[in-house]
Amino acid sequence: IADEFRKRGVKVVAGGTHVTFLPEEAAEHCDSVVRGEAELIWPEIIGDFKKGRMKKFYQSDKYSDISLLPVPRKELLKLDKYVIDSVQTSRGCPHRCLFCAVERLNPKTCRYRPIGEVLNEIKESPFSSFEFIDVNFGANLERSKELFKSIVSQNITWSSDAPLYAARDKDFLKIARESGCQSLTFGFESIRAENLKRIDKTFNYTEEYREIIRRVHHYGIGVIGSFIFGLDGDDKNIFKEFMDFTENSEIDLFIPYILTPYPGTRIYEQFKQEGRILETDWEKYDSTHVVFQPRLLTAEELYKGMIPIWDKCQQQWTDYCKRYFKANEN
């Protein structure tokens, strides 16, 4: 896309996670690359563009104060094409999971928008259904509860991601439901404790998964789980074990991913050092291709093992959508 615009004489600036970690590669396809957050550096880029002297690389020397950011101009969208609004209330994550690039894009502490600003964005939205798109919504439990209390009177519904430890807090779940929460997506990641230790996600405990799902259901909130396959503790038995788990755990929906060592993550550096990166065609870095050498499986075994899991996932989501639209057809 960038190459095509440049052929037409259009100046192109690239930003985002991928180009932040591979700026030289990105620079082959655009006029300027922005590493990291763009808000503070953007005025300089526009100024250089107007003067006809854009630099190849830009990077702010500090992080944005997200309490000062303007609300996105959603009126510019074709709103009739959307059924749900998205709102970001924070940036960053306090954790350092091996497979995630967020820790290197943001400081190790979260930055939060003032709750009043979040509330105003919700009030001004033409929608009544929302997705909170924070990387780790619920990382700060007390702040989340305060936010929930502020939106109770807005008569909205919402969903978001949340860490598993949020589900241990009954007040969090109770107030979330009262404020309109319909579902929470939890990063279970694996049903094997060994894997959780390997990826530095030791605040998840596999032995409590079923109880957490029951507890969240008790408060009338749906449970969506994300899971990663191909971790170093996975062998040929992992696929049947997982299918058994989905049958016996009452989880509503799940999202299965093949482990993808994205550039910029610690696991990418580990696999590269170990000579386990099999593919650098970034189009295949989509969590549905095997781009690395698994430890206890062949690449083919990992891919073929995923097929029945993907089939079940597809059926689960199809059934869910049918129920959802039937319930909301009026």
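Contact, in this tour, means heavy atoms within 4.5 Å. The structure on display is a predicted model.

**Stop 1: Ile267**

Select Ile267, which belongs to helix α12, residues 266-273. With a relative accessible area of 4%, Ile267 is buried. Leaving aside residues up to four places away in sequence, Ile267 touches Leu98, Phe99, Leu259 and Pro261. Now add Val87 to the selection. Ile267 and Val87 are 180 residues apart along the chain, and 30 Å separates their C-alpha atoms.

**Stop 2: the sheet of three strands**

Next, display β1, β2 and β3 as a cartoon. These 3 strands form an open sheet in the order β1-β2-β3, with parallel pairing. The edge strands are β1 and β3, each of which pairs on one side only. From one strand to the next, the twist averages 25°.

To examine the first pairing, select residues 13-15 for β1 and residues 32-35 for β2; the two strands pair in the parallel sense over 3 bridges. Within this pairing, the bridge partner of Val13 in β2 is Ser32, and Ala14 stands opposite Val33 in β2.

Then move to β3, residues 57-59, which runs parallel to β2 and is joined to β2 by 3 bridges. Here Val34 has Tyr58 in β3 as its bridge partner.

Add helix α4, residues 42-51, to the view: β2, α4 and β3 together make a left-handed β-α-β unit. Helix α4 lies across β1, β2 and β3, and runs at about 150° to β3.

**Stop 3: the sheet of six strands**

Turn now to the second sheet. It is an open sheet of 6 strands in the order β4-β7-β8-β9-β10-β11, and the pairing is parallel. At its edges are β4 (85-87) and β11, each pairing on one side only. The twist averages 20° from one strand to the next.

Zoom in on β10, residues 222-229, and β11. This parallel pair is held by 6 bridges, and Gly225 stands opposite Phe254 in β11. Bring helix α10 into view as well: α10 packs on the sheet and touches β9 (181-189) and β10. The direction of α10 makes about 150° with that of β10.

**Stop 4: the aromatic rings**

Show the side chains of the aromatic residues. The structure holds 22 aromatic pairs. Begin with Phe132 and Phe137, a stacked pair with 4.9 Å from centre to centre and 10° between the planes. Both Phe132 and Phe137 are buried.

Now select Phe242 and Phe254. How are these two rings arranged? Their centres are 5.1 Å apart and their planes stand at 80°, so the pair is edge-to-face; the cut-off for that class is over 60 degrees. Phe242 lies in helix α11 (residues 238-248) and Phe254 in strand β11 (residues 253-258), so the pair ties together parts that are 12 residues apart in sequence. Phe242 counts as buried at 1% relative accessibility, and Phe254 is buried with a relative accessible area of 0%.

Extend the selection to the cluster that contains this pair. Ring pairs link Phe186, Phe188, Tyr209, Phe227, Phe229, Phe239, Phe242, Phe245 and Phe254.

One further ring deserves a view of its own. Select Phe271 together with Arg276: Arg276 lies over the face of Phe271, at 4.2 Å from the ring centre.

**Stop 5: two residues with positive phi**

Most residues other than glycine have a negative phi. The last selections depart from this pattern.

Select Asp200, in the loop between α9 (193-198) and α10 (209-218). Asp200 is not a glycine, yet its phi is positive, near 60°. Is Asp200 buried or partly exposed? At 36% relative accessibility, Asp200 counts as partly exposed, because the class of partly exposed residues lies between the cut-offs of 20% and 50%.

Finish at Glu250, in the loop between α11 and β11. Glu250 has a positive phi of about 65°, although it is not a glycine. From here, the reader may return to Phe242 in α11 and Phe254 in β11.

How values were computed. Residues are numbered from 1 along each chain as its sequence is written. This is a predicted model: local features need pLDDT of at least 70, side-chain atom pairs count only at pLDDT 80 or more; totals for chains, interfaces and linings use all residues. Side-chain values use heavy atoms; hydrogens and water are left out. Rings of Phe, Tyr and Trp (its six-membered ring) pair if their centres lie within 6.5 Å; planes under 30 degrees apart count as stacked, over 60 as edge-to-face and the rest as tilted. Buried means under 20% relative accessible area, exposed over 50%, partly exposed in between (1.4 Å probe, protein chains only). Helices (H or I, at least four residues) and strands (E, at least two) are DSSP runs, numbered from the N terminus. A charge sits over a ring if NZ of Lys or CZ of Arg is within 6 Å of the ring centre and within 35 degrees of the ring normal. Two strands pair if DSSP finds at least two bridges between them. A crossover is right-handed if, with the strands pointing away from the viewer, the path from the first strand over the helix to the second runs clockwise. Axes are lines fitted to C-alpha atoms, for helices over the stretch in contact, and angles run from 0 to 180 degrees between N-to-C directions.
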